[in-house]
Amino acid sequence: MLHIHGSSRSRAIRTLWMATELNLPYEPIDLAPRSPGTRTAEFLAMNPNGAVPVIEDDGFVLSESMAINLYLAKKHGGGLYPATAHGEALAWQWSFWTVDRIDRQLVTYASHAFVLPEAERDPAAAAAAWAQIEPALGVLEANLAKRSWLAEDAFTVADLNVASAMYRALFMDMGNWPRMRDWLARSWDRPAAKKARAMRE
Ligand SMILES: N[C@@H](CCC(=O)N[C@@H](CS)C(=O)NCC(=O)O)C(=O)O
């Protein structure tokens with residue numbers, strides 16, 4: 001049995017989307033980031049970083065949302081995991097790129113631009129994050145001028161990993177990056193993505 005630790009209002013939404021794409025039965029454990037449940041000895045034994053998501057898959061424990069999704073897609077086959085070595089490598093490339101260039105930056109930007117109550121926002125933090133996000137969006141836009149999806153001719157875990165990390169961009173004006181905006185909309189328009197969103201909103 002697959003257990004998914006992490007609230008849908010956290011990065012666990014990425015794992016919930018993937019499990020839904022794959023039609024996997026799973027038990028959700030609704031843990032909010034930094035909540036007491038993530039500070040127990042039992043949880044820290046699974047992820048000493050104290051962060052969600054974490055999965056337990058028949059006793060196999062894995063953290064890091066990108067790695068979890070690559071693992072689940074590979075294990076359960078189907079078109080979501082690229083069929084070729086090149087496609088697989090591109091899924092790794094875009095997943096690592098997302099962690100490096102998008103993930104934390106977008107969370108920081110959104111928090112300080114529109115998520116936190118106004119009194120708690122730090123405009124300088126938002127501006128510094130945006131300065132890193134803007135060129136990354138340009139990279140994505142240029143790539144999507146060459147192909148419709150990131151790793152293959154169809155939606156794969158590469159698209160899911162990047163698009164799910166860009167959840168906050170759904171609420172931002174992406175008009176300067178029309179191909180990226182279209183790709184993001186196509187990704188989040190999938191039935192599994194809509195179900196994952198509904199768990200959160
Ligand atoms: N790189 C990790 C980041 C995980 C992460 O930072 N999760 C947040 C919630 S979205 C968390 O649990 N933070 C609490 C903490 O780090 O103590 C991943 O992608 O899974």
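The exercises below, each with a worked solution, deal with a predicted model of a protein chain.

**Exercise 1. Work out in which order the four strands of the open sheet stand, and which of them are the edge strands.**

Begin with the order across the sheet: the four strands of this open sheet are arranged as β2-β1-β3-β4, and their pairing is mixed. Next, look for strands that pair on one side only, which is the case for β2 (26-29) and β4 (60-63), the edge strands. Finally, consider how neighbouring strands are oriented: on average they are turned by 15° against each other, direction ignored.

**Exercise 2. Determine in which sense β1 pairs with β2 and in which sense with β3, and find bridge partners of residues in β1.**

As general background, strands of a sheet pair through backbone hydrogen bonds, and they may do so in a parallel or an antiparallel way. Take the side of β2 to start with: β1, which covers residues 2-5, pairs with β2 in the parallel sense over four bridges. Following this pairing along β1, one finds that His3 has Glu27 as its bridge partner in β2, that Ile4 stands opposite Pro28, and that His5 is partnered by Ile29. Now turn to β3, with which β1 pairs in the antiparallel sense, again over four bridges. Here Ile4 has Ile55 of β3 as its bridge partner, so that Ile4 can be placed between Pro28 of β2 and Ile55 of β3.

**Exercise 3. Describe where helix α1 lies with respect to the strands, and how α1 meets helix α7.**

The first step is to locate α1, which comprises residues 12-21 and lies across β1, β2 and β3 (54-57), running at about 150° to β1. The second step is to compare α1 with α7 (residues 157-165): the axes of these two helices come within 9 Å and cross at roughly 145°, and the crossing is right-handed. The third step is to name the residues that make this contact, namely Ile13, Arg14, Trp17, Met18 and Glu21 from α1, together with Leu160, Asn161, Ser164 and Ala165 from α7. Sorted by class, the contact consists of five nonpolar, two polar and two charged residues.

**Exercise 4. Find the bounds of the two domains, and state which elements of domain 1 supply at least two residues each to the side that touches domain 2.**

Start from the division of the chain, in which domain 1 spans 2-76 and domain 2 spans 85-190. The C-alpha centres of the two domains are 21 Å apart, and the contact involves nine residues of domain 1 and ten residues of domain 2. On the side of domain 1 that touches domain 2, α1 and α3 (65-76) each supply at least two residues, and the largest share, five residues, comes from α1. To complete the solution, classify this side of domain 1, which has six nonpolar, one polar and two charged residues.

Key:
Residues are numbered from 1 along each chain as its sequence is written. This is a predicted model: local features need pLDDT of at least 70, side-chain atom pairs count only at pLDDT 80 or more; totals for chains, interfaces and linings use all residues. Two strands pair if DSSP finds at least two bridges between them. Axes are lines fitted to C-alpha atoms, for helices over the stretch in contact, and angles run from 0 to 180 degrees between N-to-C directions. Two residues are in contact if their C-beta atoms, placed from the backbone, lie within 7 Å. A crossing is left-handed if the near helix is turned anticlockwise from the far one by less than a right angle, and right-handed if clockwise. Ala, Val, Leu, Ile, Met, Phe, Trp, Tyr, Cys and Pro count as nonpolar, Asp, Glu, Lys and Arg as charged, and the others, Gly among them, as polar. Domain bounds come from an automatic or database domain assignment.
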